[in-house]
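This report looks at strand pairing, cysteine chemistry and charged contacts in one protein chain. Please read it alongside the sequence and coordinates shown here.

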Amino acid sequence: QVQLVESGGGLVQAGGSLRLSCAASGRIFSDYAMCWFRQAPGKEREFVAAIIWNGGSAYYADSVKGRFTISRDNAKNTMYLQMNSLKPEDTAVYYCATDRRIYYSGPYYSPVDMNYWGKGTLVTVSS
């Protein structure tokens, strides 16, 4: 049974920072890329960032590039998302997910490529 548990969300003012964590269990964490997605009210779930299985490459949505940093610690089965210079439009529920493609290192990630999801953590950025 694979479990993903996000933490670190909350309320922050525009320009502030938050660090999200995603703790994984029940699977060989280090063989798969991990991703962050987000979903704002009334909008579709969108890709935020991905990090490949060994942490060697990371990919970002254009909307967060230069502000967010994804990382992982395979020894701790944990992934992180450092979010700086937050904007009100970053307000959403943030989900972590595991890619279904073992050792995939490419730049393309969509919800259909994920096979496990966390329940999400809410990030609210006030103006």
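The text below goes through the strands, then the cysteines, and then the charged side chains.

## Strand 4 and its neighbours

The coordinates come from a predicted model, and the values that follow should be read with that in mind. Strand 4 covers residues 32–39, and because 7 of its 8 residues are buried, this strand is largely enclosed by the rest of the structure. It is paired with strand 9 (residues 92–102) through 7 bridges, and these two strands run antiparallel. Within that pairing, Phe37 has Tyr95 of strand 9 as its bridge partner.

Strand 4 is also joined to strand 5 (residues 46–51), again with an antiparallel course, by 5 bridges. Here the bridge partner of Cys35 is Ala50 in strand 5. Strands 4 and 5 form a hairpin that has 6 residues between them, and in the turn Gly42 takes a positive phi of about 80 degrees.

## The sheet with strands 1, 3, 8 and 7

An open sheet of 4 strands has the order 1-3-8-7, and its pairing is antiparallel. Its edges are formed by strand 1 (3–7) and strand 7 (68–73), each of which pairs on one side only. On average, and with direction ignored, neighbouring strands of this sheet are turned by 15 degrees against each other. Inside the sheet, strand 3 and strand 8 are paired in the antiparallel sense over 6 bridges, and Ala23 has Thr78 of strand 8 as its bridge partner.

## Cysteines

How many disulfides does the structure contain? The count comes to 1 disulfide, and this link joins Cys22 to Cys96 with an S to S distance of 2.1 Å. The angle about the S-S bond is 60 degrees, and the link of Cys22 and Cys96 is right-handed. Since Cys22 lies in strand 3 (residues 18–25) and Cys96 in strand 9, the pair ties together parts that are 74 residues apart in sequence. Cys22 and Cys96 are both buried.

Cys35, by contrast, is in no disulfide, and the nearest cysteine sulfur, which belongs to Cys96, is 9.9 Å away. Why does Cys35 count as buried? Its relative accessible area is 0%, and a residue is called buried when that value is under 20%.

## Salt bridges

A search of the whole structure finds 6 salt bridges, and the table lists some of them.

| Salt bridge | Closest N to O distance |
|---|---|
| Arg38 and Asp90 | 2.9 Å |
| Asp62 and Lys65 | 3.1 Å |
| Arg101 and Asp113 | 3.6 Å |

The side chains of Arg38 and Asp90 meet in a salt bridge that links distant parts of the chain, with Arg38 in strand 4 and Asp90 in the loop between strand 8 (78–83) and strand 9, 52 residues apart. Both of these residues, Arg38 and Asp90, are buried. Arg38 and Asp90 also belong to a network of salt bridges in which they are linked with Glu46 and Arg67.

Are the partners Asp62 and Lys65 buried or exposed? Asp62 and Lys65 are both exposed, whereas Arg38 and Asp90 are buried.

The salt bridge of Arg101 with Asp113 again links distant parts of the chain, since Arg101 is in strand 9 and Asp113 is in the loop between strand 9 and strand 10 (114–117), 12 residues apart. Arg101 is partly exposed, with a relative accessible area of 23%, while Asp113, at 18%, is buried. The two values fall on either side of the cut-off, because buried means under 20% relative accessible area.

## The surroundings of Asp99

Asp99 is placed in strand 9, and it is buried, with a relative accessible area of 0%. Its side chain makes a polar contact of 2.6 Å with the side chain of Arg101, and Arg101 in turn forms the salt bridge with Asp113 described above. Which residues does Asp99 touch, not counting those up to four places away in sequence? Asp99 touches Arg27, Tyr32, Ala33, Tyr104, Tyr109, Asp113, Met114 and Asn115. Asp113 therefore appears both among the residues that Asp99 touches and as the buried partner, with its relative accessible area of 18%, in the salt bridge with Arg101.

Notes. Residues are numbered from 1 along each chain as its sequence is written. This is a predicted model: local features need pLDDT of at least 70, side-chain atom pairs count only at pLDDT 80 or more; totals for chains, interfaces and linings use all residues. Side-chain values use heavy atoms; hydrogens and water are left out. Buried means under 20% relative accessible area, exposed over 50%, partly exposed in between (1.4 Å probe, protein chains only). Two strands pair if DSSP finds at least two bridges between them. A disulfide is a pair of cysteine sulfur atoms within 2.5 Å. A salt bridge is a side-chain nitrogen of Lys or Arg within 4 Å of a carboxyl oxygen of Asp or Glu. A polar contact is a pair of N or O atoms within 3.5 Å; within protein, one must be able to donate a hydrogen and the other to accept it, and residues adjacent in sequence count only if both atoms are side-chain atoms. Contact means heavy atoms within 4.5 Å. Axes are lines fitted to C-alpha atoms, for helices over the stretch in contact, and angles run from 0 to 180 degrees between N-to-C directions.
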